[in-house]
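This report describes selected features of a protein model, moving from single residues to the sheets around them. Please examine the sequence and the structure before reading on.

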Amino acid sequence: MTDPIADYLTRLRNAIKAKHRVVEVPASNLKKEITKILFDKGYILNFKFVEDGPQGTIKIALKYDLVNKVNAIKKLERVSTPGLRKYTGYKDMPRVLNGLGIAVLSTSKGVMTDKEARELKIGGEVLCYVY
């Protein structure tokens, strides 16, 4: 697999379209950090790290509006790819939906959102947009 982050986002996207409640993805430290950010920002209901085999898996419970059956995540968009890396400084940090969405960045201080990186005044690689 050449792009595990794109695979992670695609599995989430497909589970949302199929109206699944839970999706399982292969675990890695970067995917765990992205999952924690999605949980903290309220885009997913819950998550659980399962240590089975050498790699382990992440079970993610998706969040739906019970009345309208609409998911909390409207769009997941991969920005930086292995073929074309996208880096940004804190002054040129992207604003997703004018601040309503989040951009997930990989920085020297770890994986964080665009707002946190702007406050710490550090730039990094823009992994994905979520809204």
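In this predicted model, Leu62 touches Leu12, Ala15, Ile16, His20, Arg21, Val23, Leu45 and Asn71, leaving aside residues up to four places away in sequence. Leu62 belongs to strand 3, which covers residues 57–62. Is Leu62 buried or exposed? Its relative accessibility is 3%, and because buried means under 20% relative accessible area, Leu62 counts as buried. The C-alpha atoms of Leu62 and Val96 are 21 Å apart, and these two residues are separated by 34 residues along the chain.

**The sheet of strands 1, 2 and 3**

Strand 3 takes part in an open sheet of three strands, arranged in the order 1-3-2 with antiparallel pairing. Strand 1 (22–26) and strand 2 (44–50) are the edge strands, and each of them pairs on one side only. On average, neighbouring strands of this sheet are turned by 20 degrees against each other, if direction is ignored. As a general principle, strands of a sheet pair through backbone hydrogen bonds, either parallel or antiparallel. Six bridges join strand 2 and strand 3 in the antiparallel sense. The bridge partner of Val50 in strand 3 is Thr57.

**Helices across the sheet**

Helix 1 (residues 4–17) lies across strand 1 and strand 3, and it runs at about 165 degrees to strand 1. Helix 2 (residues 29–40) lies across strand 1, strand 2 and strand 3, at about 155 degrees to strand 2.

Thr35 is a residue of helix 2. Which residues does Thr35 touch, not counting those up to four places away in sequence? They are Tyr8, Ile44, Phe47, Ile58 and Ile60. The relative accessible area of Thr35 is 0%, and therefore Thr35 is buried.

**Strand 8 and its partners**

Strand 8 (residues 124–130) is mostly covered, as seven of its seven residues are buried. The table lists pairings of this strand.

| Strand | Pairing with strand 8 | Bridges |
|---|---|---|
| Strand 4 (residues 76–78) | antiparallel | three bridges |
| Strand 5 (residues 87–88) | antiparallel | two bridges |
| Strand 6 (residues 102–107) | antiparallel | six bridges |

Individual residues can be placed within these pairings. Arg78 stands opposite Cys128 in strand 8. Cys128 in strand 8 is also the bridge partner of Val104. For Thr88, the bridge partner in strand 8 is Gly124.

Terms used
Residues are numbered from 1 along each chain as its sequence is written. This is a predicted model: local features need pLDDT of at least 70, side-chain atom pairs count only at pLDDT 80 or more; totals for chains, interfaces and linings use all residues. Side-chain values use heavy atoms; hydrogens and water are left out. Helices (H or I, at least four residues) and strands (E, at least two) are DSSP runs, numbered from the N terminus. Buried means under 20% relative accessible area, exposed over 50%, partly exposed in between (1.4 Å probe, protein chains only). Contact means heavy atoms within 4.5 Å. Two strands pair if DSSP finds at least two bridges between them. Axes are lines fitted to C-alpha atoms, for helices over the stretch in contact, and angles run from 0 to 180 degrees between N-to-C directions.
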